[in-house]
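Visitor: I would like to go through this model with you, taking one question at a time and reasoning each answer out.

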Amino acid sequence: MLLYIHIPFCDSKCFYCSFNSYVDKFHLKKSYMDALYLQLFYELKRFDVKEKEIETVFIGGGTPSTVSAALYKKIFELINPYIADDAEITTEANPNSATRTWIEEMKELGINRISFGVQSFDDKKLKFLNRAHNRDDALRAVKDAADAGIQNISIDLIYATVLDTKELLQEDFRQAFELPINHLSAYALTIEEGTPFEKKPDAALEKLSLTNFVFETIKEKGFTQYEISNFGRYQSRHNLGYWQYKDYIGAGSGAVGCKNGVRYYPSSDLEAYIRDPLHAREEKLTAQEQKEEKLFLGLRSIVGVDEKILSEKELKRAQLLADEKKLVKNGNTFYNLDYLLSDEISLFIIN
């Protein structure tokens, strides 16, 4: 069992971000955390969570570091009995709001992994993305986390912006690997509906040569690629849990939970969520939809695809790809060799 907690507050809205987040409703933080507590209390019963059953906790957003550690205390008091002794407990954080004090207080609550939204060490690129921090903030925050004794530190970097050159990315990765990190997520900029970049679609410029450069540069540093965007000497157990299709509780406005093929969507309207945090729209996934999700998730990661979920025709197509060395079969599982082709391979098998 996994647990995701969504914090929908941000210091600023990044031009590419389509996540449910607000920059003008900080006065609702206390009310929101109280509502979150009520939903979590309910979800622990709905998901029939047993003592020590939660393998991973991930606090994402938005920006979790915009909420004081004191407001998380009640949440952790509620969930602590259900968290496994060796659980991975991650929080996302932004460099400008993750102070040394905040990091230390979150560690006291149980956080043992922090994922920083660094995105770049180039101040011009950070401004272009409308990030609220600068290069020095990022360096300070990561070092503070290490000094505070956080075991596992990850950073996110964005590439495929119109500003990116090989030289700029080289400098980003040089700086990244001078830091005490053991995980890195590298995301290609995508233009999402409803974001400021929707009106500037030329902000994104992905070149296969630069994507391959990004992948090879990270791997040369000893970080293994275990999903199309994720690399590390440490592999996030929470990420792997999603791709392995484990059940997960989704708590918070705009979060998503899933149990036995049923998805639960709490309201993405912040005020509506605070008024009624137990209300959630339900979506029953068909067996075919679940299979297709397992296929897409498995082939874009080291999880792979168990042949038992495939129909006879699908199995033949997968075996054909294995014969052509596009896939590798180990035991009963097919593994993808090129994550950049994962969608095409999945569609070929399904169709």
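Visitor: How many salt bridges does a search of the whole structure find?

Guide: This is a predicted model, and the count rests on a side-chain nitrogen of Lys or Arg lying within 4 Å of a carboxyl oxygen of Asp or Glu. With that cut-off, the number of salt bridges found in the whole structure is 20.

Visitor: Is Glu43, the salt-bridge partner of Arg46, buried or exposed?

Guide: Arg46 and Glu43 both belong to helix H1, where they are 3 residues apart, about one turn of the helix, and their closest N and O atoms are 2.9 Å apart. Arg46 is partly exposed, with a relative accessible area of 21%. Because buried means under 20% relative accessible area, Glu43, with a value of 2%, is buried.

Visitor: In helix H5, which residue forms a salt bridge with Arg140, and how accessible is that partner?

Guide: The two residues of this pair lie 4 residues apart in helix H5 (residues 135-147), and their closest N and O atoms are 3.2 Å apart. Arg140 is partly exposed at 29% relative accessible area, whereas its partner is buried, with a relative accessible area of 13%; that partner is Asp144.

Visitor: At roughly what angle do the axes of helices H10 and H12 cross?

Guide: Residues of H10 including Leu295 and Phe296 meet residues of H12, among them Ile345 and Ile349. The crossing is right-handed, and the axes, which come within 9 Å, cross at roughly 145 degrees.

Notes. Residues are numbered from 1 along each chain as its sequence is written. This is a predicted model: local features need pLDDT of at least 70, side-chain atom pairs count only at pLDDT 80 or more; totals for chains, interfaces and linings use all residues. Side-chain values use heavy atoms; hydrogens and water are left out. Axes are lines fitted to C-alpha atoms, for helices over the stretch in contact, and angles run from 0 to 180 degrees between N-to-C directions. A crossing is left-handed if the near helix is turned anticlockwise from the far one by less than a right angle, and right-handed if clockwise. Contact means heavy atoms within 4.5 Å. Buried means under 20% relative accessible area, exposed over 50%, partly exposed in between (1.4 Å probe, protein chains only).
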